[in-house]
2 protein chains.
Amino acid sequence: MDGSHWLSMHPLVEKLTENGHDVVVVIPESSLTMGGSETFTVQTYPVPYTSQEITANFQKLSREHFSLPSHFPWIAIEMLDSMMVVFNMFYKSFCKSLLSNAELIQNLKDEKFDALMTDPFSLCGTILAEYLDMPTVMFLRGMPCSFDYISGQCPTPLSYVPRIFTQYTDKMTFAQRVKNVLVRMLELLYCRLSYSSWLQIASDFLKKDVTVEELLSRTSIWLLRYDFIFEFPKPIMPNMVFIGGINCKPGKPLSKSMEDFVNSSGEHGFVVFSLGSMVSEIPMDKAMDIAEAFRSIPQTVIWRYTGKVPSNLGSNTHLVKWLPQNDLLAHPKARAFITHAGSHGIYEGICNAVPMVMLPLFGDQMDNAKRIESRGAGVTLNVLDMTPEDLINALDSVINKPSYKENIQRLSALHLDRPIHPLDLAVHWVEFVMRHKGAPHLRPAAHDLNWIQYHSLDVFAFLLAVLVTTFFISFKCCTYTCRRCCGRKSRPKSKSKKE
Amino acid sequence: MDGSHWLSMHPLVEKLTENGHDVVVVIPESSLTMGGSETFTVQTYPVPYTSQEITANFQKLSREHFSLPSHFPWIAIEMLDSMMVVFNMFYKSFCKSLLSNAELIQNLKDEKFDALMTDPFSLCGTILAEYLDMPTVMFLRGMPCSFDYISGQCPTPLSYVPRIFTQYTDKMTFAQRVKNVLVRMLELLYCRLSYSSWLQIASDFLKKDVTVEELLSRTSIWLLRYDFIFEFPKPIMPNMVFIGGINCKPGKPLSKSMEDFVNSSGEHGFVVFSLGSMVSEIPMDKAMDIAEAFRSIPQTVIWRYTGKVPSNLGSNTHLVKWLPQNDLLAHPKARAFITHAGSHGIYEGICNAVPMVMLPLFGDQMDNAKRIESRGAGVTLNVLDMTPEDLINALDSVINKPSYKENIQRLSALHLDRPIHPLDLAVHWVEFVMRHKGAPHLRPAAHDLNWIQYHSLDVFAFLLAVLVTTFFISFKCCTYTCRRCCGRKSRPKSKSKKE
C-alpha cells in the first residue's frame, strides 16, 4: 500500500532488516511515498502511470473534498465513492501490472520466502499470498466494511460497535443503533459491488473464484494499528495483535531556527498544524479563513502548507513545506495540534499528550476524530463549513480548558503503560509467523462452519422440530386417550339407551 | 482460593512483593495449601473447621470419585454435584467467617489498597471487592457456566466453543453441537441454582440484591491461566490477559538420589506419575492395577503416592510422598508424564515437551485432557475403568510413537515463543490496575445494554414494524387506488345500463 499506509509499515520493515532478515519490498516504479532503501531490498515493476500523475490526482481529490456535502450519510457515500476512484485508478492498475509481470511473480515464487506482509486495504498482496501459498501477516488500520473482523471470524455486535464512517461512539441512542444496523445492511450490498473488480482480478490471476473473506481468511496474524486507548473496546480474536502507536518515537531536538521560532511566543507556546502527508494544499478561501484565525491567537503556529501564501497571513504563522511533526509535538511548549485526524497523527498526539483540534477530511479520519473527541481530548471541526471564529474557539478550548490537557495526558499515560513497545511486538509476531510457518493454532474453527452452522440455526431448527413433534405426538396421544376413555364411558350409556 | 488454585497465584504474589508492593494475603486459619510467608503479609481469620477436616474431606471426595459413573452426561452431573459439596462445606463457610469478621473488614477498608486480586472460582473475594469498591484483578483458570466470559461481555458462539464438562473439541459434529446448546440451556437453570447461596451471602453482606454477572462485571483485568496453544481459539475481550504457563520455571538439577534413580533405566528413561496436589491416595485395587502396568514397562517410574504400598509394586517403581515435578519433567530422560490433567501439570508438560498419559478425575481435568489429546500430544484414559493393559498401551504409544513427541515439542515451541514471560505479563497488568485505579478504558459499552438491546432485538423489531407498516399502507393505497379506478370505469357502465 502506497501513501500514508507505507509510512507506518516502513519502520517495521527497517527493524526486521536490522534483526538480520532478508526483506524484499515489492513496489511499483511510480508511487507517492515508497522508494528505494539502503537497508532492505526493493524490487520494482513498471506501471502505466507516473508519480506526478498520482500526486496530481491526489491533490485533485483533496481539493474536491472541500466541496463535499457536510452531513451523514451523504458525506459517507461521497467519501466511499472518491476512495473508489483512487482505488480504481491506481491501486487496481498497479495490481494488474504486478500480477501480469510473469517474470517477477516467478522470481517471488522461486525465492521461497518465510512470510508475506501486506496491507489488505489494497487486496493485491493478499491475492499474491494466496497464489504463492505463503503464511501471511496483515498490517492495517482497518478495512472498509470491517472485512478484517468478518474474515477473522470476530463478532462485532451492532449494538455497541459502530460501523466505519458512521461517526458514532460505542454508546449509541436507539436511533443511532437503528442507523448502525441499516449501514451494515447497506454494506452487505455496497461492499460486494465495490470489491467486485478486485475479485475479478483475483479470479483471473488465481484461475478460481474467491470471495474477499476467503482471501483474507488465510491471515496468520492481524497487526492492527490501534489499541483500546483510541478504539472502543469490543470483542477481538487471539490472532489480532494491537500495535497502535507503532510510529511514535521519542522526540529529537529541533533545529536551531525551528527552536527559536517555537519559543517566540514565550509561555503561550505554539500550535502545530498539518493535514497529513497527502494534503498540503487547500482552496484559497479556506486558507484565508484559517490564516485569519491564526492571526488572532497568542500562540505561534507552524503550518505545513505548500499552496499560495494567503495574503492575510499573520506574523505568528510560519508556513513550512515539511515539519518534524513528532519532534514538534514532543516539545514542552506544544500547546495544540491541528490535525486531519489520520491515525498516525492521532497517535503522535496521544504519545506526546498534546490536545487536538481535528479537521477530518476523508477515510477513517471522521471516525478517528470522534474517538478522541468522545474522550474529551480534542475538538472536531467540519473543515467544509467552519468559520475563523470556530477555529479560534476550538483552539482556545483545547489550550485553556484544563480538561482537554488532563484527558490527553490520561490517554497518553494509559497508552504508554505497556509491557512491550508496539514495534517490538509487531516484530515478534512477524518473526513468529516466519519461525512457525504461520500460526494455525490461532485459527478459529469457525472458518470451517457456514453461516447457518456458525449461528447454530440448524441446531435451533432441529430442537424446535423435536419440540413441535413431541408436543404434536403428546397432544395426539392425549386426545386419543381422552377419546378412548370418553368412548368407554359413553358406550355403556348408549348401550343403556338402546336397552 | 485454597488448594491448587493458590499454588499458581503464589508466585505472582511473591513477584509483586519483590517489586516493592505491600501485599496482604487474607487467608483462613485452616486451609489446604495456604500458609504464612516470609515475603508478604498474611492476615488470618478464624474458621469453624480444622485443616485436618478439609484434608480428610478432600481425600474422601477423591476416593468417591473412583466410584463415579464413567460417561457423559452422568459424570458431568456427578462432578458438578461433588464440587458443590466442597463449595458448600468449606468455601462458603470460610466466606461467611470472613465477611462476618467486622474488625478484619474494617481493617481492610482502612488500609485503602490500590487493588484487590482474587480467584472468582470462590465468589468471596469478588463480594469483598464490591463492598470495598476496589479495582479488581481476577486470576483464574475458568469458572463454571463460563460466568467469566458472560460477565466480561465476551461472545462464545455455541457452534465451535465447547461448554465446560462436555469434553468436546472446537470441531463438533451436529449431534455434539445439539448437546452443546442443550448444556448451555441446562446451565441457565443449574448455574442459577448452584450460585443462589453465594448470592444470598452477597446480598446479606452488601445489603442489596446482586447477580453473579453484576459482581464479576466490576473486573478491571481478567488474568486467565491458559493460552491458545492449549485452549481452542475463540473470541476474547481486550481486558482478558492470557498467562498460561505462569507456573513454568526452568528445571533445577535433581538431588543425587533422584538423579541416580532416573538414570537407572539407561536410555529407556523414566516416567513421572502424579495425580496432583489434592489426590495422593487411590483405592487399593486401582493402585494394584497401576503397579501391575508399571512392572512391565522398561522405564523407571516415579510415582507420587501416600497410600498403602501395593503388594505387586515392581522394582522399577519408586513411591514418593512429594516430587519435584517440574525439575523431573525438565530432565532430558523424562519420557512420559502420567497426570490427572490439572492445568498446572498440563502446562509443565507443555513447557518441558513431555508427552502425557492423562487420567482426569474432576473439575476441568476432562476438558484439559481433551485439549491435549486433540493436539495429538497425549492419550486420555478413564481411570475408573482402565485395565493394566490400557495403561501399558498408552505409555507405549506416547513413548514410542514419534508423533506424540513431535506434537508436544511443537506445542512447547509455540508456547515458549512469546514476547514476555506470563509471570511478567501478569505483574504488568496488576501494576497497571494499581497505577491507573482500574482499566475503565477496556470496559466494553455492552455492560450498559440489556439483553434485548445487546442483540439489537429492539432495532430488528422496529425495522420489522416499519417494513410491515410500509407494506400495509402500500397495499391499502394500492387496493384503494384500484377500487377507485375500477369504480370510475364501472360507473359509466352501470349508467349506460340504466340508460
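Which residue of chain B comes closest to the rotation axis? In this predicted model, that residue is Ile236(B), whose C-alpha lies at 2.7 Å from the axis. The axis itself emerges from superposition: a turn of 180° with a shift of 0.0 Å along the axis lays chain B on chain A with an RMSD of 0.1 Å. This is the relation of a two-fold axis. The interface tells a matching story, for 100% of the interface residues of chain B are also interface residues in chain A, so the copies meet through the same surface.

Attention turns next to the enclosed spaces. Seven cavities of 30 Å³ or more are counted, and the largest has a volume of about 1200 Å³. Its lining is made up of 46 residues, and those closest to the centre are Met240(A), Leu425(A), Met240(B), Leu425(B) and Trp429(B). Both chains give elements with two or more residues in this lining: chain A supplies strand E6 (240-242), helix H15 (402-416) and helix H16 (422-436), while chain B supplies strand E6 (240-242), helix H16 (402-416) and helix H17 (422-436). The largest share, five residues, belongs to H17(B). Sorted by class, the lining of the largest cavity holds 33 nonpolar, seven polar and six charged residues.

The second largest cavity has a volume of about 70 Å³. Residues of chain B line this cavity, among them Met1(B), Asp2(B), Pro28(B), Tyr49(B), Phe58(B) and Phe94(B). Helix H2 (51-65) and helix H3 (74-99) of chain B are the elements that give two or more residues to the lining, and H3(B) provides the largest share, with three residues. By class, ten of the lining residues of the second largest cavity are nonpolar, none is polar and one is charged.

Chain B also offers a sheet worth following strand by strand. Six strands form an open sheet in the order E9-E8-E7-E10-E11-E12, with parallel pairing. Strand E9 (317-320) and strand E12 (378-380) of chain B stand at the edges; each has a single partner strand, so one side of each is left without a neighbour in the sheet. On average, neighbouring strands of this sheet are turned by 15° against each other, direction ignored. Within the sheet, strand E10 (residues 334-339) and strand E11 (residues 356-358) of chain B pair in the parallel sense over three bridges, and Phe337(B) has Met356(B) in E11(B) as its bridge partner. Helix H13 (residues 343-351) of chain B lies across E10 and E11 of chain B, running at about 165° to E11(B).

Terms used:
Residues are numbered from 1 along each chain as its sequence is written. Chains are lettered from A and ligands numbered from 1 in the order in which they are written. This is a predicted model: local features need pLDDT of at least 70, side-chain atom pairs count only at pLDDT 80 or more; totals for chains, interfaces and linings use all residues. Side-chain values use heavy atoms; hydrogens and water are left out. Copies are superposed by least squares on the C-alpha atoms of residues with pLDDT of at least 70 in both. Contact means heavy atoms within 4.5 Å. On a 1 Å grid over the protein atoms alone, a cavity is a set of points where a 1.4 Å probe fits but cannot get out, and a pocket is an open set with protein on both sides within 12 Å along at least five of seven lines; lining residues have an atom within 4 Å of a point. Grid points are joined across faces, edges and corners, and a volume is the space filled by probe spheres set on the points. Helices (H or I, at least four residues) and strands (E, at least two) are DSSP runs, numbered from the N terminus. Ala, Val, Leu, Ile, Met, Phe, Trp, Tyr, Cys and Pro count as nonpolar, Asp, Glu, Lys and Arg as charged, and the others, Gly among them, as polar. Two strands pair if DSSP finds at least two bridges between them. Axes are lines fitted to C-alpha atoms, for helices over the stretch in contact, and angles run from 0 to 180 degrees between N-to-C directions.
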